[in-house]
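Here is a friendly note to read with the model open beside you. Take the points one at a time and find each residue as you go.

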Amino acid sequence: MEELRNRLADFLSERLYQIIISNPRRKEEAFKVKVRPIMMKGSICFQETISKGTQVFHDNYEKDGMLDRLVRYMEEDFRQLEAQSMDGKLNVLVSKKGRMTIKQQKADSSQNQMMPDMSHNRSKQYILKEGVPVPFLIDLDVQTAEGTIIKSRYNKFKQINRYLEFVEDILPALPKERTIHIIDFGCGKSYLTFALYYYLHELKQLDVMITGLDLKTDVINKCNQLAERYGYDQLQFFQGDISTFQGAECVDMVVTLHACDTATDFAIKKAVDWGARVIFTVPCCQHEVNKQIENELLSPVFQYGLLKERISALLTDGIRANLLEEAGYETQVLEFISMEHTPKNILIRAVKRERDASVTNRRKSIEESGTALRQLTDALHVETTLQKLMKNNTL
């Protein structure tokens with residue numbers, strides 16, 4: 001860790017823009033840490049922002065204290081660190097075996113560098129910047145033509161940025177040596193699909209192809225017209241059903257943000273069969289378990305329809321998360337911002353594990369977890385569509 005400490009010590013100065021630490025080793029802990037320099041009482045300190053669920057925590061540290069925390073984070077809690085300063089970039093990756101890779105890139109001296117903003121209470125920095133016009137945001141009436149965020153649409157602006165923050169965390173899992181293929185099942189009006197394409201292709205300059213699929217022909221036609229207008233050549237939309245879709249052989253990321261009820265299960269199964277590296281799903285309308293669930297001990301609670309419905313929805317998503325773990329994915333259940341058409345705000349994010357020695361070590365615990373899950377569903381007299389589909393998909 002001495003090399004890491006020395007490199008980070010050089011970055012912790014008034015020339016630092018930010019440090020982002022992500023890819024947590026334990027999914028129940030904080031999922032991201034950001035660090036930036038601030039000026040307090042004439043001295044430089046470093047503000048740490050920890051994101052856990054929907055909560056954000058701030059603390060300020062002097063250089064030595066911040067350095068100790070950064071090193072400990074990479075020793076114990078996280079697998080990825082990216083630092084950016086006026087002098088260049090630092091990237092740190094920790095493998096499943098604990099092997100650390102450190103890469104540093106110097107800044108282009110021919111470019112003018114802006115000094116970091118070290119104000120103590122600055123406004124939140126979004127991935128999509130306020131004041132920068134984005135075509136699809138203008139058409140959504142989120143922005144004016146000049147890039148100003150329309151006050152009544154600010155929640156939509158925050159939701160899109162929150163989604164892109166989740167995407168930012170998983171970028172290391174996507175291939176860099178070839179075109180990244182992404183499928184968005186049940187894409188609907190597709191504002192998040194357009195946001196994903198804009199972020200990956202325009203901002204990150206990645207070679208990406210995104211396919212949107214939905215049942216509504218009029219929606220698909222409208223989306224294709226918009227993609228053509230924006231010049232998004234590698235973004236295309238098709239009319240079709242998730243359960244019967246056969247239009248791809250190699251898919252790197254599968255997104256399903258509002259597929260109703262068991263459509264989410266078919267999308268997850270497709271993703272697992274393709275060996276997709278990343279799966280994002282925000283389920284809604286989980287009716288299947290509500291029709292099946294029975295348990296004498298819980299009957300005093302189940303007599304209240306609303307409570308039974310909510311328990312069934314949470315159980316459905318818990319089963320999905322566990323089945324993805326069994327299929328070889330590191331899975332997190334995260335709080336998202338509610339969609340316009342549904343109050344559901346759970347995002348299941350799954351990233352495929354590397355196949356190394358740790359897979360063998362994990363097999364026993366995964367099998368034990370699978371046994372516990374089956375005992376639970378047997379006790380509640382539940383068998384979901386995804387359980388039926390995934391019977392042969394285990395690590």
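1. A word to settle before we start: two residues are in contact when heavy atoms of theirs lie within 4.5 Å. Please also keep in mind that this is a predicted model.

2. Let's begin with the whole chain. It has 395 residues, and 49% of them count as buried. Twelve helices and 14 strands can be found along it. If you take the contacts between residues at least 6 apart in sequence, 68% of these join residues at least 24 apart. The accessible surface is about 20,000 Å², with 48% of this area belonging to carbon and sulfur atoms.

3. Now look for the sheet. In which order do its seven strands lie? Reading across, the order is S4-S3-S2-S1-S5-S6-S7, and this open sheet is paired in the antiparallel sense. Strand S4 (55-61) and strand S7 (100-106) are the edges, each with pairing on one side only. On average, neighbouring strands are turned by 15° against each other, direction ignored. As background, strands of a sheet pair through backbone hydrogen bonds, either parallel or antiparallel.

4. Strand S1 is a good place to see the pairing up close. S1 (residues 16-24) is joined to S5 (residues 78-85) by seven bridges, and to S2 (residues 32-40) by four bridges. Try finding Ile20: opposite this residue in S5 stands Glu82, while its bridge partner in S2 is Lys34.

5. Towards the S4 edge, S3 (residues 43-52) and S4 run antiparallel and share seven bridges. One pair to look up here is Ser51 with its bridge partner Val56 in S4.

6. A helix accompanies this sheet. H4 (residues 154-170) lies across S1, S2 and S5, and runs at about 105° to S2.

7. Is Thr193 buried or exposed? Thr193 counts as buried because its relative accessible area is 2%, and the cut-off for buried is under 20%. You will find Thr193 in helix H5 (residues 191-203). Leaving aside neighbours within four places in sequence, its contacts are Asp184, Cys187, Ile210, Leu235 and Phe237.

8. For a contrast, turn to Tyr304, in the loop between helix H9 (299-302) and helix H10 (305-326). Its relative accessible area is 49%, so Tyr304 is partly exposed; exposed would need over 50%. Together with Leu307 and Ile311, Tyr304 forms a nonpolar patch on the surface, and the accessible area of the three comes to about 280 Å².

Note on methods: Residues are numbered from 1 along each chain as its sequence is written. This is a predicted model: local features need pLDDT of at least 70, side-chain atom pairs count only at pLDDT 80 or more; totals for chains, interfaces and linings use all residues. Side-chain values use heavy atoms; hydrogens and water are left out. Helices (H or I, at least four residues) and strands (E, at least two) are DSSP runs, numbered from the N terminus. Buried means under 20% relative accessible area, exposed over 50%, partly exposed in between (1.4 Å probe, protein chains only). Accessible areas come from the Shrake-Rupley method with a 1.4 Å probe; for residues, only the protein chains shown count as cover. Two strands pair if DSSP finds at least two bridges between them. Patches are made of residues with over 30% relative accessible area and no salt bridge: like charges are joined within 9 Å, nonpolar side chains (Val, Leu, Ile, Met, Phe, Trp, Tyr) within 5 Å. A salt bridge is a side-chain nitrogen of Lys or Arg within 4 Å of a carboxyl oxygen of Asp or Glu. Axes are lines fitted to C-alpha atoms, for helices over the stretch in contact, and angles run from 0 to 180 degrees between N-to-C directions.
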